[in-house]
Amino acid sequence: MEEMSSNFIHEIIDENLAENPDLKIHTRFPPEPNGYLHIGSAKAIYINFMTAKKYGGLFNLRYDDTNPAKEDDEYVNSIREDLEWLGAIPNGGIFYGSDYFDKCYEFAVQLIKDGKAYVCNLSPEEMREYRGTLTEPGKDSPYRNRSVEENLKLFEEMKEGKFREGECTLRAKIDMASPNMNLRDPAIYRITYKNHHRQGNKWCIYPLYDYAHPIQDALEGITHSLCSLEFENHRPLYDWVINNINFEKKPHQYEFARLNVSNTVMSKRYLRELVFENYVDGWDDPRMPTLCGLRRRGYTPHSIFEFVKRAGISKAYSLVDIRLLEHCIREELNMSAGRKIAVLDPLKVTITNYEDGKVEYFDVSNNPNDEAAGTRKVPFTKTIYVEKSDFMEEPVAKFHRLKPDGEVRLMGAYIVRLNEIVKDEKGEVIELKCTADLETRNNNPSDGRKIKGTIHWVSKDYCIDSEIRLYDNLFTKENLNELEDGDSYLNYLNPESLTVLKGCKLELSVKDAKPGERFQFVRNGYFCKDTKNENVFNRIVSLKDSFKPQQ
């Protein structure tokens, strides 16, 4: 894995190291286990993992499991699997936010004793009303000046389950007139009667993220807390927690722009809706931007990290064309993927001057970009299949494939001439009868005539039937972050995002392909064997695209 390019985060770290050469860089990735990771998550993983790697530091995986309502071990396991697949091994350790519940509670008690936190009985609606607006300051809660003793008693009763959900919260006492809404006495503990996936029913009060996260960073020795730009306005609260709990080693938060990709959604809420309302076939549907979906589609860890790298690390919002991701995997597979022959829309061709029962084997390159890949032998027989699109009964100008009395080269084999077209009772073409120039055998005609077209084929007797799935963008709208009020992202679901082709004919050697194994099906694109269906191949990406990546 190549070293990460320098960026504004690394410039900050270089300055920190110049001031303190003994500083051990320590980063973390803190996903909430309430869904599956997606391509946007890959950017956060890449930045944190590769930054730690570049500076010889440590990288933690920490599950942000402070909200038991939607968290599940299924998501915990999927996150771990995704990181391992990407190669982002957490050499600093694997932790859980719930590991620190006792410490968070102790620190909350200390804040109460210091007069910096209080129990508030305002309802959620009243809290919003008291909070003020962006142009008007908030006003103090009537419970803001409770005594330390009363707050300690009430907080203990919250912990003991003596209040209903929403009846009260613990709030930090900061500044209700602050221009930063996040500092207007934010709630730091709330009551939730839900079973926790690791803690069971031990707790009925849970710390909120803005309070728990800086504590977790400090306790783990994180030096650079790298997160996406929507947390920028939360940074003063992050610092307030760190400073008022008086940690000796203080982590600092730095923000980068999220990864926004065209023709898809990153919102975990939207992704959950797509899955649970059956708009897609699960979290790993190959049309999904989830890492497990991309993995099933056939994308590689290298292509995903290369995509993130080329998209760039900055603080400026941008929408990255999904075709850059396609370009990255196409570029990789062009060099590495073995070539195979697949006829997706088969049309029967009979070579009338070829001997019945005869089999010849022609050498075909396994990868023209890799001499070491060598060749394989492909069987040729009297009856073969070609693509229907490689035949035109009434050809257009410059059509150099199968046409009446026209010649074409069968890739790696003979030159054939179309002599007869066979149709069924409906007038549909069901067979072509050709004669082969049996002297050619992958050579040019001896009389010097020029053959302009070459098509692929498979032997009828040496092939397998398979289902091919062609995937396209899940959404037709390029930027789903720009929906107008009242509009729904569901209005832009692409009805042609999945095309299923049955009865495709694949060369026999593909029969033993392993789940997830990738190939180039010549002239058709890059494909991989599906990991959930034995006889299905997914198209990863087409062979060519008009996209031109910036240099």
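Helix α2 is mostly covered, with 14 of its 16 residues buried. The structure described here is a predicted model. Besides this helix, the briefing considers an open sheet of three strands and two further helices, α3 and α7.

**Helix α2**

- Helix α2 spans residues 39-54 and contains 16 residues.
- From its first C-alpha to its last, α2 reaches 22 Å, which is close to the 22 Å expected at 1.5 Å a residue.
- In general, an α-helix has 3.6 residues a turn, so residues three or four places apart point the same way.
- After α2 comes G56, which has a positive phi near 65 degrees.

**The sheet**

- Three strands, in the order β1-β2-β3, make up an open sheet with parallel pairing.
- The edge strands of this sheet are β1 (26-29) and β3 (93-96), each of which pairs on one side only.
- From one strand to the next, the twist averages 30 degrees.
- Strands of a sheet pair through backbone hydrogen bonds, either parallel or antiparallel.
- Strand β2 (residues 58-63) runs parallel to β1, and four bridges join the two.
- H26 has L58 in β2 as its bridge partner.

**Helices against the sheet**

- Helix α3, formed by residues 73-86, packs on the sheet and touches β1, β2 and β3.
- The direction of α3 makes about 160 degrees with that of β2.
- Helix α7, formed by residues 209-220, lies across β1, β2 and β3.
- The angle at which α7 runs to β2 is about 140 degrees.

How values were computed: Residues are numbered from 1 along each chain as its sequence is written. This is a predicted model: local features need pLDDT of at least 70, side-chain atom pairs count only at pLDDT 80 or more; totals for chains, interfaces and linings use all residues. Side-chain values use heavy atoms; hydrogens and water are left out. Two strands pair if DSSP finds at least two bridges between them. Axes are lines fitted to C-alpha atoms, for helices over the stretch in contact, and angles run from 0 to 180 degrees between N-to-C directions. Contact means heavy atoms within 4.5 Å. The expected span of a helix is 1.5 Å times one less than its number of residues. Buried means under 20% relative accessible area, exposed over 50%, partly exposed in between (1.4 Å probe, protein chains only).
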